[in-house]
Amino acid sequence: MALLAATAGSAASASKSVAIVGGGWAGLACALKLAQAGYQPIVFESASEPGGRARRAHVEGKHRDNGQHLMLAGGDSLNTLFASAGITLPTTAFSFQSDARQLCVPPNAGSLGLAFALLRAQGFNWQERYRLIVTLLRLKANGWTVPKDQTVAHWLQQTKQPTSLIDTFWAPLTLAILNTPLAEAAMHRLAPTLRDTLGKDGRALGILQPPGNLTECIVSPLVKAIEDAGGTVRCGARVAAINQAGVGYALLVGNETDTLQFDQVVLALPPWSLSKMALPDSLPTAALAQSFGDQPIATVYLGFATDFHLPAPLLQIPGPTPGDARVWAIDRAHCGEPGVIAVSLSAQGPWCELSGDDLAQACLLALQNAVDGVPACLWKKAVIVQRATYASTPEAFIPHQDLEPLPHLHLAGDWTHPEYPATLEAAVYSGFSTAHHIMQQQT
Ligand SMILES: Cc1cc2nc3c(=O)[nH]c(=O)nc-3n(C[C@H](O)[C@H](O)[C@H](O)COP(=O)(O)OP(=O)(O)OC[C@H]3O[C@@H](n4cnc5c(N)ncnc54)[C@H](O)[C@@H]3O)c2cc1C
């Protein structure tokens, strides 16, 4: 097969040729950083649109998000990404309601803002408040570190959390953050997120609220910023194989017969996609896919008259089937979808046994049981992503030194973050950190 030069630029730019496989937020963040530093990265994305797991989907005749993506205002990498691409998003205070419980952390709450908000919160008894505050203070005193093999279920037991608090606070919070059942979830992935949210001030707990869908508000402006800086994003371009070729790599893209030659390759892919590509034999792709596993997320969209609102923008309600943990209902009015409620269900649970239609009906009933005065439902649709995230178990971890398994071949994506679970913050951090590593190698 002929080896084609991927970039037709000067000798300097050709020596900096970088292919990024995967146009999710990790790949796009990497491309933006490199392009703004004078490289000409090319992103190859197999889907017809960029954005990966965080982009729009066509649901009931409209573009809506393919899942509810809560972004906290304290995310350093996300903030840097948005600033670099000229994206500004409104922020609202963290506030949730669950039966009689109501918790709001105002932006001006100081350090350990949540602890102080808890003192004022409604619906928590004094034992629950005491346990929560003491536990958070102890975790902080220990530098937010826990044993690497400890599960969240074990930690909750060890710190003597009351069952009522586990059911209505820790379980829904952990499932939303780690997307992994508590008995399997790694406490060492939850602790850093507590440090960077509950352990910081009220501003860190603010929620970034795109006024429309993720593609229109974030992904498209990001792609424009990459292209303005000299990078390229090619959609509908699935990379089928990568082979070592001299000091670089040859990529086989789509049904093309010729390969493209690059000095550096970034695989910004989840572990399950790595194992589907033809890669150099020394890459342990099957083992990675196995140790990271995967977990589903379902979003049930319910359409009502446009003047219907939830009593709080983020409402916790009982799960749709017996045995399910409590789930989150999100009022989409702030995203330009008045009257639309999204019910988000995380991780394996009894709900996985239901068909999409039955799940949508069960979520409607759960909402009607939890909220007074729900009007007639005009339409409902379940969007189920089977491989929504990797499973944040204690085994799911890749050491930093393994992120460049062959010279100039880099692994990126949310799963490569040293501390965080599968989140947008983790994906963007990994893209930046890979770009930084490539730039360092070439100075
Ligand atoms: C329903 C749902 C809800 C979520 N909720 C939240 C949330 O509230 N907050 C939060 O922070 N995170 C949330 N997440 C997680 C978040 O979406 C991910 O952590 C993040 O999008 C991962 O980005 P990534 O770039 O690492 O991977 P991906 O987004 O998976 O990007 C990889 C890309 O590679 C492409 N690709 C695969 N194979 C090839 C190939 N051979 N050639 C070319 N391209 C290829 C894929 O099409 C994909 O676009 C949620 C995820 C889902 C699915």
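This is a guided tour of a predicted model, one selection at a time.

**Stop 1: the domains**

Start by colouring the chain by its domain assignment. Domain 1 is made of three stretches, 3–68 + 212–292 + 395–441, while domain 2 covers 94–205 and domain 3 covers 295–389. Measure between the C-alpha centres of domain 1 and domain 2 and you should get 34 Å. To see where these two touch, look for four residues of domain 1 in contact with six residues of domain 2. On the domain 1 side of that contact, three residues are nonpolar, none is polar and one is charged.

**Stop 2: the ligand**

Select the ligand and the residues around it. The shell holds 37 residues, and those that come nearest are G22, G24, G52, G67 and T423. Elements that give two or more residues to this shell are α2 (25–36), β3 (42–45), β16 (295–303), β20 (379–389) and α13 (424–441). Colour the shell by class and you will find 18 nonpolar, 14 polar and five charged residues. Which domains does the ligand lie between? Domain 1 and domain 3 both give residues to the shell, so the ligand lies between those two.

**Stop 3: helix α2**

Stay with α2, one of the elements in the ligand shell. The helix has twelve residues and spans 16 Å from its first C-alpha to its last, close to the 16 Å expected at 1.5 Å a residue. Eleven of the twelve are buried, so the rest of the structure largely encloses α2. Select W25, A26, G27, L28, A29, C30, A31, L32, K33, L34 and A35 to show the buried residues. Just after the helix, click on G38, where phi is positive at about 100°.

**Stop 4: the largest nonpolar core**

Now show the largest nonpolar core, which has 99 residues. Its members that touch the most others are I20, V21, C30, L32, I226 and V428. Helix α2 supplies the largest share of this core, with nine residues. Domain 1 and domain 2 both contribute residues, so the core lies between them.

Centre on L32 for a closer view. Beyond the residues up to four places away in sequence, L32 touches L81, S84, A85, L222, A225 and I226. Another core lies apart from the largest one; it has 27 residues, including W328, A342, L345 and A362.

**Stop 5: helices α7 and α8**

Move to domain 2, residues 94–205, and select helix α8, residues 187–195. M187, H188, R189, L190, A191 and T193 are its buried residues. Show α5 (126–141), α6 (152–158) and α7 (163–178) as well, since they are among the elements covering those buried residues.

Within α7, pick L165. Is L165 buried or exposed? There are 20 C-beta neighbours inside 10 Å, so L165 counts as buried. Setting aside neighbours within four places in sequence, the contacts of L165 are E128, R131, L132 and W170. For a sense of scale, draw a line from the C-alpha of L165 to that of A427: the two are 262 residues apart along the chain and separated by 30 Å.

**Stop 6: N108 and G202**

Select N108, in the loop between β9 (101–105) and α4 (113–120). N108 is exposed, with 10 other C-beta atoms within 10 Å. Add G202 to the view: it is 94 residues from N108 in sequence, yet their C-alpha atoms are 5.7 Å apart.

**Stop 7: two positive phi angles**

Finish with two residues that have a positive phi without being glycine. The first stop here is E60, with phi of about 50°. E60 sits in the loop between β4 (56–59) and β5 (62–65). It has 12 C-beta neighbours inside 10 Å and so counts as exposed.

Then go to A347, where phi is near 65°, again positive in a residue other than glycine. Its place is the loop between β19 (340–346) and α12 (356–370). Is A347 buried or exposed? With 24 other C-beta atoms within 10 Å, A347 is buried, whereas E60 is exposed.

How values were computed:
Residues are numbered from 1 along each chain as its sequence is written. This is a predicted model: local features need pLDDT of at least 70, side-chain atom pairs count only at pLDDT 80 or more; totals for chains, interfaces and linings use all residues. A residue is near a molecule or strand if its C-beta atom, placed from the backbone, lies within 6 Å of it. Helices (H or I, at least four residues) and strands (E, at least two) are DSSP runs, numbered from the N terminus. Ala, Val, Leu, Ile, Met, Phe, Trp, Tyr, Cys and Pro count as nonpolar, Asp, Glu, Lys and Arg as charged, and the others, Gly among them, as polar. Domain bounds come from an automatic or database domain assignment. A nonpolar core is a set of buried Ala, Val, Leu, Ile, Met, Phe, Trp, Tyr and Cys residues joined through C-beta atoms within 7 Å. Two residues are in contact if their C-beta atoms, placed from the backbone, lie within 7 Å. The expected span of a helix is 1.5 Å times one less than its number of residues.
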